[in-house]
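Student: I have a model open beside its sequence, and I would like to work through its architecture with you. Could we begin with how the pieces pack together?

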Amino acid sequence: MKCYSCEKKLKRNEVYFGDLGTPLEGKPLCEDCYYDDEICAIVYYGRDEEPYLITEARNETNGDFRVKWHSTDPWRGYFETSSEKYSLVNTAELLAGHESEKMLKQFDERIRELFDEHGIDYARVFARSSNVFYQNYDLYVRKDQKNMADLLVAKAKSEVDYDNPKWYRNIIFDELTFRKLVKLFPEYKIETDYDLFRLLEKHQSSFLKELRDRLRKLNESNL
Ligand SMILES: [Zn+2]
């Protein structure tokens, strides 16, 4: 038998198998590859400050949570989390150094207070992406508490102004580019980077031509 990751030859008694819910689930591995500490996600249960790691081959949550690589192109992507035991009630994108960071920290503090007050059993999962500045913050609750948790999430969000479009700018486009494009495409009512990104995605090749035409018109009218 060979190690799935490094192809080292293995004797029968040397084989490790990737844990349930990891990217290498069930794959034969050598000891080094099994204990490789490349982290895919970190799970925190409620107020327990102990981090439970999910690496490429090890799952310290005993399968409560699973991760799967979601590639957006051959070089980029992020780890998607899931659970059979818990329900997902919110996903936030944590962008290091972005202005939404403070708001998300407030949201995190507030929602945990509310969950504690109402006896909601929750877990927070921080999943890595290929971009070192960006990770997902997935909030899970025990399945039978989902309805109550949804209400509390909505309450915490309104308290910290979570849905204000201003938090979702300057992620992909800088403010100046953003404002220019909003002006050039008024009919799309663009409010966030994501609106703009979806617009670009939808039109792809025709978008550049359209952009050129509109810029030309704008330049002519400014003359
Ligand atoms: Zn190996």
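**Helices, sheet and overall form**

Student: In this predicted model, which strands does helix 2 (residues 100-117) lie across?

Tutor: Helix 2 runs at about 155° to strand 7, and that strand is one of those beneath the helix. The full set that helix 2 lies across is strand 7, strand 8 and strand 9 (134-142).

Student: And what angle does the direction of helix 3 (residues 146-160) make with that of strand 7?

Tutor: Helix 3 also packs on the sheet, where it touches strand 7 and strand 9. Its direction, compared with that of strand 7, gives an angle of about 30°.

Student: Which strands stand at the edges of the sheet, and why is one side of each left without a neighbour?

Tutor: The open sheet has 5 strands with antiparallel pairing, in the order 4-3-8-9-7, and its twist averages 20° from one strand to the next. Each edge strand has a single partner strand, so one side of it is left without a neighbour in the sheet. The edge strands are strand 4 (52-55) and strand 7 (86-95).

Student: Within that sheet, which residue of strand 8 stands opposite V43?

Tutor: Strand 3 (residues 39-45) and strand 8 (residues 122-128) pair in the antiparallel sense over 5 bridges. Opposite V43, in strand 8, stands V125.

Student: What radius of gyration does the protein chain have?

Tutor: The C-alpha atoms fill a box of roughly 80 × 50 × 25 Å along the principal axes. A compact globule of 223 residues would have a radius of gyration near 17 Å, whereas the protein chain has 22 Å.

How values were computed: Residues numbered from 1 in each chain as written. Predicted model: local features only at pLDDT ≥ 70, side-chain atom pairs only at ≥ 80, totals over all residues. Rg over C-alpha atoms; globule rule 2.2 N^0.38 Å. Pairing = 2+ DSSP bridges. Helix = DSSP H or I, 4+ residues; strand = E, 2+ residues; numbered from the N terminus. Axes fitted to C-alpha atoms, helices over the stretch in contact; angles between N-to-C directions. Contact = placed C-beta atoms within 7 Å.
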